[in-house]
Amino acid sequence: MARASAVALPDVSSPGDGLTRPLRYSYNLPLVPRAPRELPVTPASNTTVPHSIGLGLRRSLVEEWRDLEQQGYGNQPRPEFIEVTPENWMGLGGKFRRNLAYFTERYPVYAHGLSLSIGGPTELDMAFVDRLKTFLDDCGVIEFSEHLSYCTDHGHLYDLMPIPFTEAAVQRVCERILRVQDRLKRQIALENVSFYAMPAPEMTEAEFICAVLERADCKLLLDINNVWVNSVNHGYDPKAFIEAMPGARVAYQHIAGHLQISDRQIIDTHGTDVSDPVWDLLAHAQATLGPRPTVLERDGNFPPLSSLLGELAEMGHILNGTARGTPGDAPAEITV
Amino acid sequence: MQSQQELQEMQLAFAAAIRDPDLDTHFPNVSPEQLAVYRELFWDNLKALLDSACPVARDVLGQDTWNMLLGRFWKEHPASTPEYTRMPFEFADWIAGQNLEDGGLPLWLAELIRWEVAELGAMFAPESKDAPPTGSDISATHIAPSLQLHAFAWPVHRIGKNWQPSSPETTCLACYRTAELDIAFMELTPLGTALLELLLAEPEAGLAGATRQLADAMGTDATALETSMAPFIDDLYERGVLGNTHRKGGMEHSPAIDTSENP
Ligand SMILES: [Fe+2]
């Protein structure tokens, strides 16, 4: 399948960007957060993206992060936006609610869902989609993304299974994306996921993704780390993969660390620092597609927050096209 | 080309193969090693959650029995909640429906797990939509929405690696969120528990209504019961488990005892 043709979509989405977006459905989409927020002042840069460096909000990070908000970031960058996982916060009270409110009041919010199972073999849970909508509206979420995969059979398995790259799957997934977009009253972004097996494919991963984006008229969350992981595990050229993506549909990007098992096997853990090949690939995406808001995902083996901010600084250098430091440029942890 | 039905069957079979490592399913283009990666990732994910939700049960049962139990749950139970962190509640419900005796498992296991996840219940509970009653409505009583109240047949709060009960012993336990949003634990009398259960079932009737109902059931005088329960009630107000604007805390005696250890 050929690379998807360019589609007239604005390539950024933020509070204040255009209110009209060519979509195939007829209602007015809430393209800005319900309560537009003051964006933090971005350090001088020539990027056209209003917020470029984002950090995934995690329960394990909130306490330390709150302290930094109060004490200041020193010479390290403050994240320009956050990404939250709705399933980890929705409907909760107590400290969860307090912490979520603390951050959503201070930052532009992107949301990255886990349990929609957009490619699932059983019926979509539309009651859950309704609860999601309430969450997205309450938090003023700018972009909502999900995984182009499935996580259910007759119940939830809470992790990502690969959708077979077949024409039948393209049809099924697109029909479901359209229903979800219709219900959420917004365009959603789907993420290229890392996969470790692919039963009976009829097309390549790039062809599958392009077909889905085009036919469901949705956006792409381009996970740079996943491109690298899959390119190693399945032996393809990661740069060519990025070049094959429809640039105008890329809403935002992810980077993360992984676990290298061998020359030919990587597990996508989000539990280590971002590796050099992934930084290089981010630079390639920046050169190919232009700057996009990019989120650092860290889900385990958490280092001190200052180490993650060092990675955000590196990310900022790449996205803003300024001189690259090395991730190690962050103030070193003093060890005795 | 794959049909819709073939797609669905393949996806269900793939998930089933992940749930059950003993299934000898083969998929075109998928090596056993690749399938093993999925089995391991999914299993680790499940285990990380339930290990941290039920540390006492895991400790007491030992790694092998615990893993066997999780494996059965994983294979047999299609979890319905999209929220990963709520899954321990489904595990507690599932184990409550199992025949523990036939499975060679301790009879108190389901109650222990219920008590372990009660702490999560108190942490997660959304705030009440209604503000505590104000004004002259002294009969209305506000109950903390985070309150998890349990009457158990076994003293589950004392179970640990070094001690397990050999006979049942009615044990009433509760946990709730404090004003500082931390979790606190209480051991209650059966009478206090009965009163709170009545209040939870019919909050509109208020404390007076619940006391009257309880007195009727016991064949006692309501006023006498109210007097004897007063210190307990005062303690609940003090802790913020109960609230309304006409009661102030600061009472003398507390029959509600903090359990010394978290479950
Ligand atoms: Fe990602």
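## Two helices meeting in chain B

In this predicted model, one good place to start is the meeting of two helices in chain B. From α4(B), the residues B:Trp66, B:Leu69, B:Leu70, B:Arg72, B:Phe73 and B:Glu76 touch B:Met87, B:Glu90, B:Phe91, B:Trp94 and B:Ile95 of α5(B). Sorted by class, this contact holds eight nonpolar residues, three charged ones and no polar ones.

How are the two helices placed relative to each other, in angle and in distance between their axes? Helix α4 covers residues 63-76 of chain B and helix α5 covers residues 87-96, and they pack at an angle of about 100° with their axes 11 Å apart. Because an angle of 65 to 115 degrees counts as roughly perpendicular, α4(B) is roughly perpendicular to α5(B).

## The rest of chain B

Stepping back, chain B has nine helices and five strands. Chain B has 263 residues, of which 48% count as buried. Among the contacts in chain B with a separation of 6 or more, 54% are between residues 24 or more positions apart.

Two loop residues of chain B are worth a visit. B:Asn29 sits in the loop between α1 (4-19) and α2 (32-53), and B:Asn29 counts as exposed at 53% relative accessibility. The backbone of B:Asn29 has a positive phi of about 75°, although this residue is not a glycine. For context, most residues other than glycine have a negative phi.

The other is B:Asp102, in the loop between α5 and α6 (109-124) of chain B. Is B:Asp102 buried or exposed? B:Asp102 has a relative accessible area of 67%, so it is exposed. From C-alpha to C-alpha, B:Asp102 and B:Leu112 are 18 Å apart in space, and they are ten residues apart in sequence.

## Chain A at a glance

Chain A contains nine helices and twelve strands. Of its 336 residues, 61% count as buried. Residues 24 or more positions apart make up 81% of the chain A contacts that have a separation of 6 or more.

## The iron site

Which residues coordinate the iron ion? They are A:Glu191 (OE), A:Asp223 (OD), A:His254 (ND1) and A:Glu297 (OE), at 1.9 to 2.4 Å. Along the sequence these donor residues follow the spacing E-x31-D-x30-H-x42-E. A:Glu191 belongs to strand β7 (residues 189-191) and A:Glu297 to strand β12 (residues 294-297) of chain A, so this pair ties together parts that are 106 residues apart in sequence. Both A:Glu191 and A:Glu297 are buried.

Why is the arrangement of donors called irregular? The four donor atoms subtend angles of 83 to 163° around the iron ion, which makes the arrangement irregular. Four donors count as tetrahedral if all angles lie between 85 and 135 degrees, and the range of 83 to 163° found here does not fit that window. As a point of reference, the ideal angle for four tetrahedral donors is 109.5 degrees.

## A buried asparagine in contact with a donor residue

A:Asn226 lies in helix α6 (residues 224-234) of chain A. With a relative accessible area of 3%, A:Asn226 is buried, because buried means under 20%. Leaving aside neighbours within four places in sequence, A:Asn226 is in contact with the iron donor A:Glu191. Under that same condition, its other contacts are A:Asn192, A:Val193, A:Ser194 and A:Asp268.

## Strand β6 and the loop before it

A:Tyr158 lies in strand β6 of chain A, and A:Tyr158 counts as buried at 12% relative accessibility. Here, too, phi is positive in a residue other than glycine: for A:Tyr158 the value is near 60°.

The loop between β5 (150-152) and β6 (156-161) of chain A holds A:His154. This histidine counts as exposed, at 64% relative accessibility. Which residues does A:His154 contact, leaving aside its neighbours within four places in sequence? They are A:Thr122 from chain A, and B:Leu12 and B:Pro78 from chain B. The C-alpha atoms of A:His154 and A:Pro121 are separated by 8.4 Å, although these residues are 33 residues apart along the chain.

Conventions. Residues are numbered from 1 along each chain as its sequence is written. Chains are lettered from A and ligands numbered from 1 in the order in which they are written. This is a predicted model: local features need pLDDT of at least 70, side-chain atom pairs count only at pLDDT 80 or more; totals for chains, interfaces and linings use all residues. Side-chain values use heavy atoms; hydrogens and water are left out. Donors are N, O and S atoms within 2.8 Å of the metal (3.2 Å for Na, K and Ca); water is not among the atoms, so sites may look incomplete. Four donors count as tetrahedral if all angles lie between 85 and 135 degrees; four count as square planar and six as octahedral if opposite donors are over 155 degrees apart and all others between 65 and 115; anything else is irregular. Helices (H or I, at least four residues) and strands (E, at least two) are DSSP runs, numbered from the N terminus. Buried means under 20% relative accessible area, exposed over 50%, partly exposed in between (1.4 Å probe, protein chains only). Contact means heavy atoms within 4.5 Å. Axes are lines fitted to C-alpha atoms, for helices over the stretch in contact, and angles run from 0 to 180 degrees between N-to-C directions. Angles under 35 degrees count as roughly parallel, over 145 as roughly antiparallel, 65 to 115 as roughly perpendicular and the rest as oblique. Ala, Val, Leu, Ile, Met, Phe, Trp, Tyr, Cys and Pro count as nonpolar, Asp, Glu, Lys and Arg as charged, and the others, Gly among them, as polar.
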